[in-house]
Amino acid sequence: MLHTFFNKRKFRNGSWLAVMMVMVMLTAACGQSATGGSNAAQPDNGAAGASAEASRTIKHAMGETVLKGTPKRVVILTNEGTEALLALGIKPVGAVKSFTGNPWYEHIKKDMEGVTVLGEESQPNIELIASLKPDLIIGNKMRQEKVYDQLKAIAPTVFSETLRGEWKNNFALYAETVNKKTEGDKVISDFNSRIEDFKKKAGPKLNQTVSVVRFMSGKTRIYLQDTFTGIIFKEIGIARPTLKTKETFAEEITKERLPEADADMMLYFTYETGDGKATKTEQEWMNDPLWKNLNVVKNGKVYKVDDAIWNTAGGVRAANLMLDELYQLYEVKP
């Protein structure tokens, strides 16, 4: 009987072991099915997927904004910001109109086909912006500080601080905001390389003084260092006439002060909005004996350049186009 008892226990223990092995195999099979089988069959949700949705905190003129991934529907509320997005390969869903042009500057209009016009920089259409369902809004504190709260209620909103000429700082902020910092760094690096090339080729010619004059409706200004043109001229090392003023942006002058604009070379542009008033100012001043008596005029060194490119657009495309024209003006080859 002892022998018989031993055999039954052996059978029962063997049966339980078999059952346990079957259960382990079934559990493993279920687990494999739930995860999609082998690793080779699983979708790639690794580093690339995590990176696309990683949170980023952007510090800007109005504080901090948390963003996830790369935005797809961007609204831009400055002219220079529009050029930044285009340079980064992004077509905005909406943008404020160009200061001149109908509605875009000539040098960007081809790339802006189909983009919704959102009004002026100083007064963007909030309802229209909301209707576009953007996932990012980029604006500027100087222009839209009063409507910042309304904008950020529509979508995450990032503001640059100023517009007066530090376009590279704004560009870097925009590139980081749209998750294209690497691409942005290359755009600026390429521009800087062109600056260095021009400086090397222009050489001693950069010692010639250059004044910058702008005609507007009923007024005339000499443009100084803290402007789009002035920042680029300083970077290149172009000599400027010395004005007795504490102003750094622009000095509004009367005709009697025209001698302050005299230089080895003068570049002027006219802010014409379509009513002909700025053009009238230009013609009136250029026909004045005080203008004709300037040495730079007598020497035939006065050149009219495009207002949008040399001042109003204020973006990276305009900066490169300005550099193209500087190569021509200084008679050096790119």
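## Helix α9 and what follows

Right after α9 comes G237, a residue with a positive phi, near 100 degrees. The helix that precedes G237 spans residues 228-236 in this predicted model. Helix α9 is mostly covered, with 7 of its 9 residues buried. Those residues are F228, T229, G230, I231, I232, F233 and I236.

What do the buried residues of α9 pack against? Their partners are both helices and strands: α7, α8, α13 (307-312) and α14 (316-329) on the helical side, and β10 (210-216) and β13 (265-270) among the strands. Several of these helices turn up again below, in the two helix pairs.

## The α7–α8 pair

Two packed helices are described by the angle between their axes and the distance between the axes. For α7 (residues 167-177) and α8 (residues 181-202), the angle is about 155 degrees and the axes lie 8 Å apart. Angles over 145 degrees count as roughly antiparallel, so α7 is roughly antiparallel to α8. Their crossing is right-handed.

Which residues make this contact? From α7 come W167, K168, F171 and A175, while α8 supplies K181, G184, V187, I188, F191 and N192. Sorted by class, the residues of the contact are 6 nonpolar, 2 polar and 2 charged. Both α7 and α8 are also among the elements that the buried residues of α9 pack against.

## The α3–α14 crossing

Here is a pair with another geometry to look at. Helix α3 (residues 79-87) and α14 have axes that come within 7 Å and cross at roughly 85 degrees. Since angles from 65 to 115 degrees count as roughly perpendicular, α3 is roughly perpendicular to α14.

On the α3 side, E83, A84, L86 and A87 take part, and they meet V316, R317 and A318 in α14. The contact of α3 with α14 holds 5 nonpolar and 2 charged residues, with no polar ones. Helix α14 is also one of the partners of the buried residues of α9.

## Two residues up close: T100 and E120

Is T100 buried or exposed? With a relative accessible area of 17%, T100 is buried, because the cut-off for that class is under 20%. T100 sits in the loop between β4 (94-95) and β5 (116-117). Leaving aside residues up to four places away in sequence, T100 touches Y105, Y271, E272 and A308. One of these, A308, falls within the residue range of α13 (307-312).

E120 belongs to strand β6 (residues 119-120). Its relative accessible area is 37%, so E120 is partly exposed. Again not counting residues up to four places away in sequence, E120 touches V96 and K97. How far is E120 from N79 in sequence and in space? The two are 41 residues apart along the chain, and their C-alpha atoms are 9.7 Å apart.

## The chain as a whole

Stepping back, the protein chain has 14 helices and 14 strands. Of its 334 residues, 42% are buried. The chain exposes about 18400 Å², and carbon and sulfur atoms supply 53% of that area.

Sequence separation completes the overview. Taking the contacts between residues at least 6 apart in sequence, 62% join residues at least 24 apart.

How values were computed
Residues numbered from 1 in each chain as written. Predicted model: local features only at pLDDT ≥ 70, side-chain atom pairs only at ≥ 80, totals over all residues. Heavy atoms only, no water. Helix = DSSP H or I, 4+ residues; strand = E, 2+ residues; numbered from the N terminus. Buried < 20%, exposed > 50% of the residue type's maximum accessible area, 1.4 Å probe, protein only. Contact = heavy atoms within 4.5 Å. Areas by Shrake-Rupley, 256 points an atom, 1.4 Å probe, with all protein chains shown as cover. Axes fitted to C-alpha atoms, helices over the stretch in contact; angles between N-to-C directions. Parallel < 35°, antiparallel > 145°, perpendicular 65-115°, else oblique. Left-handed = near helix turned anticlockwise from the far one by under 90°. Nonpolar A, V, L, I, M, F, W, Y, C, P; charged D, E, K, R; others polar.
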